[in-house]
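The exercises below ask the reader to work through a structure by inspection, each with a solution in steps. Please keep the sequence and the coordinates at hand while following them.

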Amino acid sequence: MASLQHTSINTTVLCKKGAISVVGVSALPSSLPRFRTIACFARGNTPTFPRINVQDPYRRLGVSRDASEKEIWSSRNFLLAQYAPHERSAESIELAFEKLLMDSFVRTKKRKINLKSMLKKQVQESPPWFKNLLGFVEVPPTVIILRRLFLFAFIAGWSIMNSAETGPAFQVAISLGACIYFLNGKKKSLAKASMIGLGLLVAGWICGSFLVPAIPAALLHPSWTLELITSLVAYVFLFLGCTFLK
């Protein structure tokens with residue numbers, strides 16, 4: 001049996017963007033059918049982030065030092081869309097993004113603390129009567145404010161929808177009852193809660209009576225009566241009283 005003699009040819013082709021490189025070619029002797037196996041790989045140049053080694057995270061992402069969180073997110077997404085295939089570039093962009101996001105959070109927190117400090121200082125420097133007035137006020141959790149605001153806004157809308165038919169008397173009674181109910185939870189006294197609720201209703205009704213003539217007629221719907229507009233002002237007083245009074 002004749003021995004086979006192998007001949008190998010190695011070919012190297014420079015790879016350019018979008019080109020195909022031939023890794024190797026192997027051939028068998030001429031006595032046998034010639035088979036060639038060619039391994040080809042398409043190689044494309046992966047773009048590299050040009051500011052990958054810039055230390056300043058603001059310069060790395062290409063944003064100003066007073067950039068908002070929206071601008072930081074936009075710059076990060078724009079850069080990742082271009083350089084995400086390059087692992088080191090993507091890591092560099094993400095690290096700068098996280099640093100700027102943390103800096104933005106710290107700045108926002110400092111502004112809130114400074115605002116609270118300023119308000120506290122203003123209260124301390126205010127006249128005694130103003131301090132005594134603030135002693136009757138408290139700020140409940142946001143969820144409570146939103147729930148009560150939704151309730152009284154619903155009653156106001158209900159009054160507007162039915163004003164031409166029966167008037168807002170029934171809705172005013174419901175709003176007064178809700179106000180007394182919320183105040184009773186704070187005062188633990190139904191008598192005190194009822195007195196405060198009635199006082200708020202009367203104050204709102206009086207203010208509404210004086211306020212309506214000062215509103216230009218062009219701003220009011222033709223079907224809105226004096227009773228309806230006065231009741232809307234009363235709803236505001238009842239909402240503020242049952243929500244923010246201690």
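**Exercise 1.** Determine the exposure class of E94, and then identify its salt-bridge partner.

*Solution.* At a relative accessibility of 23%, E94 counts as partly exposed, where buried means under 20% relative accessible area, exposed means over 50% and partly exposed lies in between, with a 1.4 Å probe and protein chains only. The model is a predicted one, in which local features need pLDDT of at least 70 and side-chain atom pairs count only at pLDDT 80 or more, while totals for chains, interfaces and linings use all residues. Residues are numbered from 1 along each chain as its sequence is written, and side-chain values use heavy atoms, with hydrogens and water left out.

The partner of E94 is R76, with 2.8 Å between the closest N and O atoms; a salt bridge is a side-chain nitrogen of Lys or Arg within 4 Å of a carboxyl oxygen of Asp or Glu. R76 lies in helix 2 and E94 in helix 3 (residues 87-124), so the pair ties together parts that are 18 residues apart in sequence; helices here are DSSP runs of H or I with at least four residues, and strands are runs of E with at least two, numbered from the N terminus. R76 is buried, its relative accessible area being 17%.

**Exercise 2.** State how many salt bridges a search of the whole structure finds, and describe those of D56 and K99.

*Solution.* The search finds 4 salt bridges. In one of them D56 pairs with R65, the closest N and O atoms being 2.6 Å apart, and R65 is exposed with a relative accessible area of 53%. In another, K99 pairs with D103 at 3.1 Å between the closest N and O atoms. K99 and D103 are 4 residues apart in helix 3, so about one helical turn separates them, and K99 is partly exposed at 42% relative accessibility.

**Exercise 3.** Describe the span of helix 2, its two sides, and the setting of S74.

*Solution.* Helix 2 has 15 residues and reaches 21 Å from its first C-alpha to its last, close to the 21 Å expected at 1.5 Å a residue, the expected span being 1.5 Å times one less than the number of residues. The buried residues I72, S75, R76, L79, L80 and Y83 belong to helix 2. They cover an arc of only 125° around the axis, which puts them on the same side of helix 2; the arc is that of the directions from the helix axis to the C-beta atoms. K70, F78 and A81 are exposed on the other side of helix 2.

S74 lies in helix 2 (residues 69-83) and counts as partly exposed, with 42% relative accessibility. A polar atom of the S74 side chain lies 2.9 Å from the backbone oxygen of K70.

**Exercise 4.** Which residues have the most contacts inside the largest nonpolar core, and which helices supply it?

*Solution.* A nonpolar core is a set of buried Ala, Val, Leu, Ile, Met, Phe, Trp, Tyr and Cys residues joined through side-chain atoms within 4.5 Å. The largest one has 21 residues, and those with the most contacts inside it are C179, L183, L201, Y235, L238 and C242. Helix 5 (142-162), helix 6 (169-187), helix 7 (190-211) and helix 8 (226-244) each supply at least two residues of this core. A second, separate core of 15 residues includes I52, Y58, A67 and L100.

**Exercise 5.** Work out how the buried residues of helix 7 are arranged, and what they pack against.

*Solution.* Helix 7 has 22 residues and reaches 31 Å from its first C-alpha to its last, close to the 32 Å expected at 1.5 Å a residue. Its buried residues are A193, G197, L200, L201, G204 and G208. They cover an arc of only 100° around the axis, which puts them on the same side of helix 7. The buried residues of helix 7 pack against helix 6 and helix 8, whereas the face turned away from the buried side carries the exposed residues A191, K192, M195 and F210.

Notes
Polar contact = N/O pair within 3.5 Å; in protein donor to acceptor, adjacent residues only side chain to side chain. Contact = heavy atoms within 4.5 Å.
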